[in-house]
Amino acid sequence: MATCPPYPTNPPRPHWWQRGWVRYGALTTLLAISGLVILALVREQTGTQGFLVGLGLAVLPVPLLMAAFRWLDRVEPGPWRNLVFCFAWGACAAALIAIIANSFATRWIATATADPAGADTLGATVIAPVVEESAKAAAVLLVFLFRRRDFTGIVDGVVTAGVTATGFAFTENILYLGNAFGTDQLTGDSGFASVTAATFFVRVVMSPFAHPLFTVLTGIGFGIAALSTGRHHLRRALLPLAGLLLAMGMHALWNGSAAFGEYGFLAVYGAFMVPCFGLLTWLVIWTRQRELRTVREELPAYVMAGWLAPAEPHTLASMHARRLARQYARRHAGKQAARAVAQYEAYATSLAFLRQRGRKGRAGPDFAVRERELLDALWHRRDVARPALDHAARATAPPPVAPWPGYGTPGSHAGYGYGYAAAAYAGYGYAARPGGFAPVAPYGGYGHGHPAPAAPAFTPAWVPAPFPAHARSRPAYPSAHPAPHQPLPRRP
């Protein structure tokens with residue numbers, strides 16, 4: 001009797017709306033339409049001259065803020081497409097939602113209460129924070145749901161939320177500065193006494209971080225939720241909501257500061273905004289340092305398994321050493337090699353974070369598959385990255401200390417109880433020799449004292465070497481939640 005196979009031989013094809021190009025196309029179309037509509041609305045309110053002036057002034061803080069968030073994300077840099085999406089969502093979709101919803105709510109309140117002044121105040125302190133923070137949080141939610149591999153912790157939440165808020169503030173500043181310029185055109189004011197100069201000083205000079213600061217609270221909530229285990233469903237739902245509520249509250253306090261008296265704005269700015277900004281900055285930098293410590297603590301397991309060189313965990317845990325490796329690759333092999341080194345660093349960092357999540361029971365069911373993908377990516381780029389990382393290790397290794405006469409044996413620190421022989425530094429590129437340490441000759445392709453190889457180690461159009469045929473069937477972790485004592489996949 002014929003029986004059906006337990007699994008279908010041909011997996012079902014996804015529906016047309018589940019295909020990647022359909023989703024990307026729909027999202028791009030949505031953002032493009034939102035951008036055109038918001039452009040028309042802002043230009044209608046400010047006029048052509050006001051729009052151009054506002055655009056020129058509003059773009060000034062954007063590179064600084066983007067560079068700051070990109071610096072925070074340097075340990076495990078996310079793909080550029082996520083940042084482009086977040087900025088476009090904040091500048092186009094979120095700004096359009098805010099303009100339409102705020103205008104509708106303010107007009108409805110003014111009609112219902114017959115108090116336009118009170119409606120404006122209520123709209124600025126209650127309606128605007130709720131609408132704007134919810135619209136910006138939608139981008140963080142989309143990245144959290146559909147780019148889960150790129151959203152693994154607090155730093156990812158901060159960067160995603162901060163870039164979204166930067167785009168939103170960019171569009172909002174165009175509107176405010178354009179309207180201020182139009183007011184100056186009517187009154188004839190100019191120079192430092194103009195409304196444009198005052199608006200520029202308050203929004204661009206004093207508080208360019210205001211909107212990013214609000215939305216970062218939402219991002220921190222999503223980041224902590226990403227660190228939570230899968231069984232804590234209630235916590236994963238409440239933490240982003242708590243962050244969103246804090247963002248709304250801080251935004252409402254900032255918008256309502258003008259109602260606290262003549263010096264209410266300065267009081268809120270000095271007593272609340274600046275300390276919160278300093279505290280969140282410290283938190284993010286501390287989290288960044290903790291990520292580097294995770295790299296240093298998790299990667300030695302892969303050194304023992306033969307996947308990484310002995311010096312690589314300490315090299316990859318230093319941003320200075322990483323930069324030296326990229327510079328060395330660029331100087332000796334070109335931009336393609338430097339890009340390969342940067343990718344090697346990013347994949348190794350992702351591997352360290354993945355192993356940490358596995359040890360703590362937070363890894364998903366695709367742990368083994370993801371680990372194999374990262375190891376494969378490292379294996380493809382090892383011939384390019386290892387010479388550069390070896391150079392960075394030797395450049396950043398602490399200088400050896402010569403033993404004092406009468407303490408211990410020559411070439412060791414046994415007199416002090418350390419007992420480290422000179423050969424112990426070999427992992428950092430130094431070999432033992434009488435009286436000190438001599439650097440090991442660099443790898444072929446990077447070295448200066450080696451004969452030229454038969455084929456160049458790098459070409460301008462560098463392509464990763466094909467994966468070795470004998471290494472295609474490497475074993476993965478025995479379980480999706482590895483313990484420190486479990487074996488690692490061995491290098492072929």
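In the predicted model, the chain exposes about 25,900 Å² of surface, and carbon and sulfur atoms supply 66% of this area. Of its 492 residues, 44% count as buried. The secondary structure consists of 14 helices and two strands. When contacts between residues at least 6 apart in sequence are considered, 74% of them join residues at least 24 apart.

The largest nonpolar core contains 57 residues, and Phe69, Val158 and Met273 have the most contacts inside it. Apart from this core lies another, of 38 residues, which includes Val75, Tyr302, Ala329 and Ala352. With residues up to four places away in sequence not counted, Phe69 touches Val158, Val159, Gly162, Val163, Thr166, Pro212 and Val216. Val158 thus appears both among the residues touched by Phe69 and among those with the most contacts inside the largest core.

Nonpolar side chains also occur at the surface. Leu234, Leu238, Leu241 and Leu245 make a nonpolar surface patch of about 410 Å². Leu245 belongs to helix α8, which covers residues 233-255.

A charged residue is found in a buried position in helix α12, which covers residues 319-333: Arg322 lies in this helix and is buried, yet has no salt bridge. The nearest side chain of opposite charge, that of Glu345, is 4.8 Å away, whereas a salt bridge requires a side-chain nitrogen within 4 Å of a carboxyl oxygen. Leaving aside neighbours within four places in sequence, Arg322 is in contact with Arg74, Val75, Val295, Thr315, Leu316, Glu345 and Thr349. Of these contacts, Val75 is also a member of the core of 38 residues.

Conventions:
Residues are numbered from 1 along each chain as its sequence is written. This is a predicted model: local features need pLDDT of at least 70, side-chain atom pairs count only at pLDDT 80 or more; totals for chains, interfaces and linings use all residues. Side-chain values use heavy atoms; hydrogens and water are left out. Helices (H or I, at least four residues) and strands (E, at least two) are DSSP runs, numbered from the N terminus. Buried means under 20% relative accessible area, exposed over 50%, partly exposed in between (1.4 Å probe, protein chains only). Lys and Arg count as positive and Asp and Glu as negative; His and the chain ends are not counted. Contact means heavy atoms within 4.5 Å. Patches are made of residues with over 30% relative accessible area and no salt bridge: like charges are joined within 9 Å, nonpolar side chains (Val, Leu, Ile, Met, Phe, Trp, Tyr) within 5 Å. Accessible areas come from the Shrake-Rupley method with a 1.4 Å probe; for residues, only the protein chains shown count as cover. A nonpolar core is a set of buried Ala, Val, Leu, Ile, Met, Phe, Trp, Tyr and Cys residues joined through side-chain atoms within 4.5 Å.
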